[in-house]
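Student: I have a model open and want to learn how to read its features. Can we go through it step by step?

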Amino acid sequence: HGVFVTDVVLRNPVEWTGDGSYKNRSLRRDEIASSMPLLEKQIALVKPKIVVALGRRACDALSKLFECPLTIDGSFHSAPRAGAKVVGCPHPSPHNYSRPAFIRLQEDIFAELRSYLPRT
């Protein structure tokens, strides 16, 4: 529908805790760097009108990739290199569910994105 929502790495990195379980871990720089060519190709193939970067790391990576400023404040920016607008959104992780301001910002961003979807 013209909106491409993405994180910077398209998998969930986990680490063994030693107590018989796994937990999410932060992305490493090498994982981000190795994911960028695939992400760039996906965006080029999809040709979205809007790219939504989920989280601070996605904002950082996509701002470098598309040479435009991008933060998780919900501001839409033009990214001529992508042929699209880009917007940063707080990551929908359980950690952020305890932050009412992040949830309100997500709701505001996705409400604005609905205006780009076709009416049915």
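Student: Which residue in β6 is the bridge partner of Ser78?

Tutor: This is a predicted model, so read every pairing as part of a prediction. Bridges tell you which residues sit opposite each other in paired strands. Here Ser78 pairs with Lys85 of β6.

Student: How many bridges join strand β5 to strand β6, and do they run parallel or antiparallel?

Tutor: Four bridges join β5, residues 76–79, to β6, residues 84–89. The two strands run antiparallel.

Student: What do β5 and β6 form, and what is the phi of Gly83?

Tutor: They form a hairpin, with four residues between the strands. Gly83 lies in the turn and has a positive phi of about 65 degrees.

Student: And side chains along a strand?

Tutor: In a regular strand they alternate between the two faces of the sheet.

Student: In what order do the elements of the protein chain run?

Tutor: Count, then order. The chain has three helices and six strands. From the N terminus they run β-β-β-α-β-α-β-β-α.

Student: How does the radius of gyration agree with a compact globule?

Tutor: Compare it with the value expected for the chain length. For 120 residues, a compact globule would have a radius of gyration near 14 Å; this chain has 15 Å, which agrees. The C-alpha trace spans about 50 × 35 × 30 Å along its principal axes.

Student: What share of the residues is buried?

Tutor: Buried residues make up 38% of the 120. Look at contacts too: of those with a separation of 6 or more, 51% link residues 24 or more positions apart.

Conventions: Residues numbered from 1 in each chain as written. Predicted model: local features only at pLDDT ≥ 70, side-chain atom pairs only at ≥ 80, totals over all residues. Heavy atoms only, no water. Rg over C-alpha atoms; globule rule 2.2 N^0.38 Å. Buried < 20%, exposed > 50% of the residue type's maximum accessible area, 1.4 Å probe, protein only. Contact = heavy atoms within 4.5 Å. Pairing = 2+ DSSP bridges.
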